Amino acid sequence: MTIREMQQVLDARFLYGEELADLDAQFVFSADMMSDVLAYCGKCSVLITGLCNPQVVRTAEMLDIVCIIFVRGKLPDENMLALARGKSIAVLATEHYMFTACGILYENGLRGGA
Amino acid sequence: MSEQLTFTYSIDGDDFTRAGEASSSVKNKLKMLGVSSEAIRKVAIAMYEGEINMVIHADGGTIDVSVSDDDITMVLADKGPGIPDIDKAMQEGYSTAREEVRSLGFGAGMGLPNMKRFTDEMQIDTVLGEGTTITMKVHL
Ligand SMILES: Nc1ncnc2c1ncn2[C@@H]1O[C@H](COP(=O)(O)OP(=O)(O)O)[C@@H](O)[C@H]1O
Ligand SMILES: [Mg+2]
């Protein structure tokens, strides 16, 4: 599924990275604790989280994640978006809660990768 | 590369938002040196957890990263409180982090276990009241 398709099924907004919209992803990890992401993300290239601070982008960077999806309407600040731009990590924001966002992506064929 | 390359970073203990800059820089440098993406990933994860620990538990410190033909060595040295019981600290889920740190996404007690999991060698030298030095190696 491409980042564009994820954006559409989640009714999400691009906060950064429309130009990355054609990137394809198969495996997704979701968590609010960044150490869990670092430990278990495995081959996942998309991160769904309700945590919103610069360390989310740093964590994504360490794992070569291509897209961060913020749930529950969390909005990263300009500093976080600048970090994401610098690393070419697309950033989406959806109003859905974590469970619903994960469920929608699972229904559309995405899987956990660990 | 037959010469050994070393990069040194000073980690600010006051600024959680900047934690990870050193790990990010190392990741870029290793990429430019042509190190395998598998090794880079291990180094990035282990060093980042260590860097976060220096900020949340030890008020900062210094990190030296050296690259040789055989391995990448990270030495993280701080002058923090030291670790009273290393075995306990190494257990998954053990954490003395404050609630505030937890709300920032760390403090789940997974940092040291992650550092061990993603490196080939890890040694902790610690003296209570003086500080902690953690040496980690990833083989190439
Ligand atoms: N550099 C350090 N200096 C002092 N104590 C540390 C240091 N690193 C880790 N610790 C101690 O070890 C515990 C476990 O560390 P870790 O596994 O990274 O979990 P967390 O950072 O989530 O608490 C910490 O809660 C802390 O008590
Ligand atoms: Mg830690």
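**Figure 1. The largest nonpolar core of this predicted model holds 86 residues.** Four members touch the most other members: Met6(A), Ile69(A), Met74(B) and Phe106(B). Helix H2 of chain B, residues 37–58, gives the largest share of this core, 12 residues. Ile69(A) makes contacts well beyond its own stretch of sequence, with neighbours within four places left aside. Its partners include Met6(A) and Leu10(A). Val46(A), Leu47(A), Ile48(A) and Thr49(A) also contact Ile69(A). So do Leu92(A), Thr94(A) and Leu105(A).

**Figure 2. Helix H3 of chain A, residues 54–62, is largely enclosed by the rest of the structure.** The reason is burial: 9 of the 9 residues of this helix are buried. They are Pro54(A), Gln55(A), Val56(A), Val57(A), Arg58(A), Thr59(A), Ala60(A), Glu61(A) and Met62(A). The list includes Arg58(A) and Glu61(A) alongside Val56(A) and Val57(A). What covers these residues? From chain A, the cover includes helix H2 (34–40), strand S3 (46–49), strand S4 (67–70) and helix H4 (78–86). From chain B, it includes helix H1 (21–32) and helix H2.

**Figure 3. Asn53(A) caps the N-terminal end of H3(A).** A side-chain oxygen of Asn53(A) lies 2.8 Å from the backbone nitrogen of Gln55(A). Gln55(A) is itself one of the buried residues of the helix. Just after H3(A), Asp64(A) takes a positive phi of about 55°.

**Figure 4. Chain B and chain A bury about 1900 Å² between them.** Carbon and sulfur atoms give 53% of that area. Three residues, Lys27(B), Arg41(B) and Tyr48(B), supply 28% of the area that chain B buries against chain A. No other three residues supply more. The contact takes 29 residues from chain B and 21 residues from chain A.

**Figure 5. Ligand 1 has 20 residues around it.** Asn53(B), His57(B), Ser95(B), Thr96(B) and Gly109(B) come nearest. Polar backbone atoms of chain B also face oxygen atoms of the ligand. For Leu112(B), the distance is 2.9 Å. For Ala108(B), it is 3.1 Å. For Gly111(B), it is 3.2 Å. Taken alone, ligand 1 exposes 530 Å², and the protein buries 95% of that.

**Figure 6. Ser95(B) sits in the loop between helix H3 (86–90) and helix H4 (99–102) of chain B.** Is Ser95(B) buried or partly exposed? At 22% relative accessibility, Ser95(B) counts as partly exposed, because the buried class stops under 20%. Ser95(B) is also among the residues that come nearest to ligand 1. Beyond four places in sequence, Ser95(B) contacts Arg102(B), Gly107(B), Ala108(B) and Gly109(B). Its side chain reaches the backbone oxygen of Gly107(B) at 3.4 Å. The C-alpha atoms of Ser95(B) and Gly109(B) are separated by 4.5 Å, although the two residues are 14 residues apart along the chain.

**Figure 7. Leu76(B) is a buried residue of strand S3 (residues 71–78) of chain B.** Its relative accessible area is 3%. Which residues touch Leu76(B), not counting those up to four places away in sequence? Met47(B), Gly50(B), Glu51(B) and Met54(B) do. So do Thr62(B) and Ile63(B). Thr132(B), Thr133(B), Ile134(B) and Met136(B) complete the list. The C-alpha atoms of Leu76(B) and Gly50(B) are 7.2 Å apart, and 26 residues separate the pair along the chain.

Note on methods:
Residues numbered from 1 in each chain as written. Chains lettered and ligands numbered in written order. Predicted model: local features only at pLDDT ≥ 70, side-chain atom pairs only at ≥ 80, totals over all residues. Heavy atoms only, no water. Core = buried A, V, L, I, M, F, W, Y, C linked by side-chain atoms within 4.5 Å. Buried < 20%, exposed > 50% of the residue type's maximum accessible area, 1.4 Å probe, protein only. Helix = DSSP H or I, 4+ residues; strand = E, 2+ residues; numbered from the N terminus. Contact = heavy atoms within 4.5 Å. Near = heavy atom within 4 Å. Polar contact = N/O pair within 3.5 Å; in protein donor to acceptor, adjacent residues only side chain to side chain. Areas by Shrake-Rupley, 256 points an atom, 1.4 Å probe, with all protein chains shown as cover. Buried area = accessible area lost by both parts, 1.4 Å probe.
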